[in-house]
Structure formats: structure tokens, C-alpha cells
Amino acid sequence: VRPYQLLGYTAGGPFAAYTPLLQETIASFRRLTDPQVLSVQPDRVEVVRTDRRMTLAEFNRRFPSRVDLDELAIVNQLEGPDATIPAGTLVKRITPGEG
């Protein structure tokens, strides 16, 4: 059993107006028992060192990720699918979690 503390927070003035909503939201939490939901695993980040110069799109064809190219560019702090990655660069890809 893990204890959790849930807090409701808003600016001081309108707090009273939000109190019923905050109390309802906090009271809605229940023990999770659905095996299908409990078995969900997070995606994983795998780091790959490139062996040659390539674009992010080429990298994704060679090392597919489960996110689209725009999101993959953000994860790797690149401008987009056509961004060039030098040989020897560590590049992140997103793979499915196990489970």
C-alpha cells in the first residue's frame, strides 16, 4: 500500500468557488483493479549511435520509433525529418514497453 496525498490548488480569492469541484475530483479516485489497465507499460527510450551521416527520416526508417517524425524530432532536439545527423551521434528512438 502506498499512501498518496491529493491537493487542490488555486489562487486565494476564488478558492471557495472551486472547493466543490476540487473535492469532487479528489473523491473520484479509487483503487485501480482492471488487469488490462494495470498491465500497460510505458514506452521506452532507446539510444542508438549512428554509424553514418543520415537524416532523421533515414534514421527512423532504419530504427523505427512508435512516435511520428515530428515528435521524434522534438525528442532529439532536431528541426524536423530532414535534419542531418552526423555519424557517431547518439539519437533517441521510442520503442514499446514490455508487458
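What follows is a chat about reading a few features of this predicted model.

Me: Let's start with rings. How many aromatic pairs does the structure hold?
Reply: In general, you describe a pair of aromatic rings by the distance of the centres and the angle of the planes. Here the structure holds 1 aromatic pair. Phe59 and Phe63 make it up, with 5.1 Å centre to centre and 40 degrees between the planes, so the pair is called tilted.

Me: Is Phe59 buried or exposed?
Reply: Buried means under 20% relative accessible area. Phe59 has 0% relative accessibility, so Phe59 counts as buried.

Me: And what does Phe59 touch, apart from residues up to four places away in sequence?
Reply: Phe59 touches Val48, Thr50, Met54, Ile85, Val91, Lys92 and Arg93.

Me: Which residues make up the largest nonpolar core?
Reply: The general idea first: in soluble globular proteins, nonpolar side chains tend to be buried together. In this model, the largest nonpolar core has 10 residues. Phe59 is one of them, and the others are Val48, Met54, Leu56, Val67, Leu72, Ala73, Ile85, Val91 and Ile94. Look at helix 3 (56–62), helix 4 (69–75) and strand 4 (90–95): each of these supplies at least two residues of this core.

Me: Now the outside. Which residues form a nonpolar patch on the surface?
Reply: Try finding Tyr4, Leu6, Ile26 and Phe29, which form such a patch. Together they have about 440 Å² of accessible area. Phe29 sits in the loop between helix 1 (15–27) and helix 2 (35–38).

Me: Why is Phe29 called exposed?
Reply: Exposed means over 50% relative accessible area. Phe29 is at 54%, so that label applies.

Me: Let's try Thr95. Where is its place, and is Thr95 buried or exposed?
Reply: Thr95 belongs to strand 4. Its relative accessibility is 14%, so Thr95 counts as buried. Leaving aside neighbours within four places in sequence, Thr95 is in contact with Asp43, Arg44, Glu46 and Arg66.

Me: What distance separates the C-alpha atoms of Thr95 and Arg66?
Reply: They are 5.9 Å from each other, though the two residues are 29 residues apart along the chain.

Me: One last residue: where is the place of Ser65?
Reply: You'll find Ser65 in the loop between helix 3 and helix 4. Ser65 counts as buried because its relative accessibility is 14%. Beyond its neighbours within four places in sequence, Ser65 is in contact with Asn60, Leu72, Arg93 and Ile94.

Conventions:
Residues numbered from 1 in each chain as written. Predicted model: local features only at pLDDT ≥ 70, side-chain atom pairs only at ≥ 80, totals over all residues. Heavy atoms only, no water. Phe/Tyr/Trp six-rings, centres within 6.5 Å; stacked < 30°, edge-to-face > 60°. Buried < 20%, exposed > 50% of the residue type's maximum accessible area, 1.4 Å probe, protein only. Core = buried A, V, L, I, M, F, W, Y, C linked by side-chain atoms within 4.5 Å. Helix = DSSP H or I, 4+ residues; strand = E, 2+ residues; numbered from the N terminus. Contact = heavy atoms within 4.5 Å. Patch = residues over 30% accessible without salt bridge, like charges linked within 9 Å, V, L, I, M, F, W, Y side chains within 5 Å. Areas by Shrake-Rupley, 256 points an atom, 1.4 Å probe, with all protein chains shown as cover. Salt bridge = Lys/Arg side-chain N within 4 Å of Asp/Glu carboxyl O.
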